[in-house]
Amino acid sequence: MQTIHRLTLEDALVLLRAAEEEANRIGVKETICIADEGAHPIALHRMTGARLTGVEIAIAKAFTAAGHQRATHLFNEPPSGPALPGNEAFGIQHMHPGRFAVFVGGFPIVYRGQVVGAVGVSGGNGEQDKAVGAAALAAFERLVADVVTV
């Protein structure tokens, strides 16, 4: 038997708020998606003024991070990023057309060694998307630090 930990909508909203606060602090309009462990969106928020295309991109980043259990930027990080030309997973993004993102902005959410979901962020440059994603992950760490284990 395996115990499955699952994000709730209430958890996702805490992460969204933290991500939006960071986006506002650094002055970027982002779209933020929080997905469950099956890579399905739980919550999606497009900030006022954020690009329309960010919705599908944020969802794809969350899908990839949850489904493949790794941050999306790691696919293309030199020298051994698996999706780089000549490496073992070159072209992997074509396996799930329009759903698999191999660029910065998708981050798995890990609890007790288990991927329980992901955050996908779209709208800024790579560093901005990383900062907003990091704010969501930090909010998750604070959230689970308050959880009492029986």
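In helix 1, E22 and R25 are three residues apart and are therefore separated by about one helical turn. In this predicted model, the two side chains form a salt bridge in which the closest N and O atoms are 2.9 Å apart. The partners differ in exposure, since E22 is buried, with a relative accessible area of 15%, whereas R25 is exposed, with a relative accessible area of 62%.

The structure holds three salt bridges, and the other two join parts of the chain beyond a single helix. R6 forms a salt bridge with E37, the closest N and O atoms being 2.5 Å apart; because R6 lies in the segment before helix 1 and E37 in the loop between strand 1 and strand 2, this pair ties together parts that are 31 residues apart in sequence. R6 is exposed, with a relative accessible area of 56%, while E37, at 24% relative accessibility, counts as partly exposed. The side chains of K61 and D129 meet in a salt bridge with an N to O distance of 3.2 Å, and this pair links distant parts of the chain, with K61 in helix 2 and D129 in helix 3, 68 residues apart. Both K61 and D129 are buried.

In soluble globular proteins, nonpolar side chains tend to be buried together. The largest nonpolar core contains 23 residues, of which I32, I34, I109, V119 and F140 touch the most other members. Helix 1, strand 1, strand 3, strand 4 and helix 3 each supply at least two residues of this core, and helix 1 gives the most, with five residues. With neighbours within four places in sequence left aside, F140 is in contact with L7, L15, I109, V110, Y111 and V116. Apart from this core lies another, of 15 residues, among them C33, A58, F63 and V102.

V132, found in helix 3, is buried, with a relative accessible area of 0%. Beyond its neighbours within four places in sequence, V132 is in contact with A19, E22, A23, I26, E30, I32 and V121, a list that includes E22 of the salt bridge with R25. The C-alpha atoms of V132 and V28, which are 104 residues apart along the chain, are separated by 9.4 Å.

The largest pocket has a volume of about 210 Å³ and is lined by twelve residues, of which R6, D11, Y111, V144 and V147 lie nearest its centre. Helix 3 provides the largest share of this lining, three residues, and the lining residues of the largest pocket divide into seven nonpolar, two polar and three charged.

Technical notes: Residues are numbered from 1 along each chain as its sequence is written. This is a predicted model: local features need pLDDT of at least 70, side-chain atom pairs count only at pLDDT 80 or more; totals for chains, interfaces and linings use all residues. Side-chain values use heavy atoms; hydrogens and water are left out. A nonpolar core is a set of buried Ala, Val, Leu, Ile, Met, Phe, Trp, Tyr and Cys residues joined through side-chain atoms within 4.5 Å. Buried means under 20% relative accessible area, exposed over 50%, partly exposed in between (1.4 Å probe, protein chains only). Helices (H or I, at least four residues) and strands (E, at least two) are DSSP runs, numbered from the N terminus. Contact means heavy atoms within 4.5 Å. On a 1 Å grid over the protein atoms alone, a cavity is a set of points where a 1.4 Å probe fits but cannot get out, and a pocket is an open set with protein on both sides within 12 Å along at least five of seven lines; lining residues have an atom within 4 Å of a point. Grid points are joined across faces, edges and corners, and a volume is the space filled by probe spheres set on the points. Ala, Val, Leu, Ile, Met, Phe, Trp, Tyr, Cys and Pro count as nonpolar, Asp, Glu, Lys and Arg as charged, and the others, Gly among them, as polar. A salt bridge is a side-chain nitrogen of Lys or Arg within 4 Å of a carboxyl oxygen of Asp or Glu.
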